[in-house]
Amino acid sequence: MDLAAAGLTEQPFRTQGKPESIVSYASHLEGLEAIRAACETPNGLALLQGPPLSGKSTLIQHFIDSRDDDQECAVVDGTGLNATTLLEATLREFGYEADFHTDNELLSMLRVFALHQAASYQPPLLVIENTHRLNPSALRTLCSLAELKCLRDNRLVSALKIVLVSDRSLESIIEAPAMAPIAGRVAVNFQMRPMSCDDAKEYLREKLRNAGSRVPEYVFPNSVCVELWDASGGWPGVLDRIALLALSRADSLPVSISAIERPALPYSDWDEQSITELENAVGVAPEPPKLFLTKEGDTIKELTFDQPRLLIGRSEHNDIAIPSRFVSRHHLLLVRHGNTTFMMDLNSSNGTFVNSRRVSNHVLIDNDIITVGNHRIKFCDPHATNRGLITGNEFTDTAIMKTLDDMRDLLAHENTAMLPIPSENLPTYGNK
């Protein structure tokens with residue numbers, strides 16, 4: 001159905017660019033007030049987080065539109081930016097063509113600009129979208145910007161207002177010791193929430209009104225609004241898209257429920273390898289995995305896997321000794337490589353199973369169950385969510401071969417069978 005047939009003079013549900021109209025709802029208004037409060041605090045800094053299509057960009061646009069016209073503002077997409085490109089993009093957004101050759105020159109120019117603006121009681125505003133995708137060098141530069149101070153009313157206050165926007169929680173990064181200049185300024189840590197059903201009804205109909213509809217209740221009856229809300233999970237960006245699609249697919253008014261599609265709901269698209277590398281770069285050390293050894297449902301042993309390797313088997317020389325005739329003397333080996341845990345069966349008589357499937361080599365993820373004879377080992381590591389993060393050759397060549405050599409030396413005094421050559425079986429990588 002075209003717009004005119006639906007009584008509309010313009011597109012009500014824009015999915016790209018600046019929205020024609022901003023319709024507020026509970027979480028939007030709360031976020032707007034929270035960011036305003038943070039920016040009115042002399043040293044305040046705001047964190048705005050939520051999954052893709054949760055309304056963060058619209059909220060930022062509303063906040064920028066409502067600010068004092070005399071305040072300079074820069075909105076920068078942090079995806080892939082390093083120190084140099086972050087400074088260049090920020091200066092460009094503030095209206096400067098940066099003709100400098102070094103980061104120090106760029107930083108000095110930005111410092112002069114911010115201090116000059118702050119001296120006139122209008123500190124500039126810097127909004128970083130996709131903060132979680134900044135390179136470590138850019139995060140360090142961001143800390144330098146957060147430390148800029150000017151003297152006002154006989155006290156030092158921040159010379160740059162900052163809002164950091166992210167598709168997922170920034171807490172693990174902000175809490176790193178190297179990020180103290182940022183953490184010390186956080187006044188608001190706001191998480192977007194989905195709309196209620198009533199919010200969604202009013203949101204849909206207000207957008208239809210703003211686009212020219214005289215009777216939006218006829219275009220989207222109550223039952224259709226409820227279905228759209230349920231299909232979108234209450235996230236405004238998803239709601240816009242499925243409402244637009246339903247309107248275009250409808251043959252007549254009112255739009256029917258059959259015209260509504262149910263897309264995959266938004267989730268944080270954080271790349272686990274990227275967050276691990278970033279957290280390591282800024283000094284965040286994730287908690288090591290935990291192992292729970294059980295038999296017939298009873299927990300026998302619980303331990304933290306905080307060492308490079310862990311040997312499991314019947315012999316008392318193992319790190320985890322399991323006195324059972326169903327367990328080989330040296331049954332399996334666990335190896336830590338970075339933040340990934342690799343499991344290797346050591347040619348055991350009865351085999352090693354992960355989640356009821358027999359494997360020779362395996363990258364473990366959170367909540368995997370390893371079965372050894374009539375014992376089970378639960379592997380718990382919230383950071384381990386993807387089996388395909390490390391290529392087989394890299395892992396085998398760097399970690400497994402070295403660890404097996406070490407194990408051969410360690411067990412040389414025992415009358416043990418030769419440990420397997422790591423190239424005999426390729427790791428059974430795969431996505432969960």
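In this predicted model, confidence differs between elements: the mean pLDDT is lowest in α12, at 48, and highest in β3, at 97. Over residues 268-275 the pLDDT is below 50, and this stretch has 22 contacts in the model beyond near neighbours in sequence. Another such stretch covers residues 421-432, where pLDDT stays under 50 and for which the model has 30 contacts beyond four places in sequence. Where pLDDT is low, the predicted coordinates should not be read in detail. For the protein taken as a whole, the mean pLDDT is 84, and 84% of the residues reach 70 or more.

**Overall make-up**

The protein has 13 helices and 18 strands. Of its 432 residues, 47% count as buried. Among the contacts with a separation of 6 or more, 64% are made by residues 24 or more positions apart along the chain.

**Strand β1 and its partners**

Strand β1 (45-49) is largely enclosed by the rest of the structure, because 5 of its 5 residues are buried. From this strand L45, L47 and Q49 point one way, while A46 and L48 point the other way, and all of them are buried. Strand β1 is joined by 5 bridges to strand β6 (residues 161-166), and the two run parallel; within that pairing, A46 has V163 as its bridge partner in β6. A further 5 bridges join β1 to strand β7 (residues 186-191), again in the parallel sense, and here Q49 stands opposite Q191 in β7. Strands of a sheet pair through backbone hydrogen bonds, either parallel or antiparallel.

**An antiparallel sheet**

Elsewhere in the model, 6 strands form an open sheet in the order β9-β8-β18-β17-β14-β15, with antiparallel pairing. The edge strands of this sheet are β9 (298-304) and β15 (357-359), each of which pairs on one side only. Neighbouring strands in the sheet are turned against each other by 30 degrees on average, direction ignored. One of the pairings joins strand β14 (residues 352-354) to strand β17 (residues 368-372) in the antiparallel sense over 2 bridges, and in this part of the sheet F353 stands opposite T371 in β17.

The strand pairings for which bridges have been described are set side by side here.

| Strand pair | Sense | Bridges |
|---|---|---|
| β1 and β6 (residues 161-166) | parallel | 5 bridges |
| β1 and β7 (residues 186-191) | parallel | 5 bridges |
| β14 (residues 352-354) and β17 (residues 368-372) | antiparallel | 2 bridges |

**Helices α3 and α5**

The axes of helix α3 (residues 83-93) and α5 come within 7 Å and cross at roughly 55 degrees. The two helices are therefore oblique to each other, since this angle falls neither under 35 degrees, where it would count as roughly parallel, nor within 65 to 115, where it would count as roughly perpendicular. In this contact A83, L86 and L87 of α3 meet S137, A138, T141 and L142 of α5. The residues of the contact divide into 5 nonpolar and 2 polar, with no charged residue.

**Residue L115 in helix α4**

L115 is found in helix α4 (residues 103-119). With a relative accessibility of 29%, L115 counts as partly exposed, because this value lies between the limit of under 20% for buried and that of over 50% for exposed. Leaving aside residues up to four places away in sequence, L115 touches K149, C150 and A159. The C-alpha atoms of L115 and S158 are separated by 9.1 Å, although these two residues are 43 residues apart along the chain.

**Backbone features in the loops**

Most residues other than glycine have a negative phi, and most peptide bonds are trans. Against that background, three places in the loops can be pointed out.

Phi of L53 is near 70 degrees, a positive value in a residue other than glycine. L53 lies in the loop between β1 (45-49) and α2 (56-65), and at 34% relative accessibility it counts as partly exposed. For N130, phi is also positive, near 55 degrees, again in a residue other than glycine; the place of N130 is in the loop between β3 (125-129) and α5 (136-146).

The peptide bond from L253 to P254 is cis, with omega near -5 degrees. P254 belongs to the loop between α11 (236-249) and α12 (272-281), and α12 is the element in which confidence is lowest, at a mean of 48.

Key: Residues are numbered from 1 along each chain as its sequence is written. This is a predicted model: local features need pLDDT of at least 70, side-chain atom pairs count only at pLDDT 80 or more; totals for chains, interfaces and linings use all residues. Side-chain values use heavy atoms; hydrogens and water are left out. Helices (H or I, at least four residues) and strands (E, at least two) are DSSP runs, numbered from the N terminus. Buried means under 20% relative accessible area, exposed over 50%, partly exposed in between (1.4 Å probe, protein chains only). pLDDT is the predictor's confidence in each residue, from 0 to 100. Contact means heavy atoms within 4.5 Å. Axes are lines fitted to C-alpha atoms, for helices over the stretch in contact, and angles run from 0 to 180 degrees between N-to-C directions. Angles under 35 degrees count as roughly parallel, over 145 as roughly antiparallel, 65 to 115 as roughly perpendicular and the rest as oblique. Ala, Val, Leu, Ile, Met, Phe, Trp, Tyr, Cys and Pro count as nonpolar, Asp, Glu, Lys and Arg as charged, and the others, Gly among them, as polar. Two strands pair if DSSP finds at least two bridges between them.
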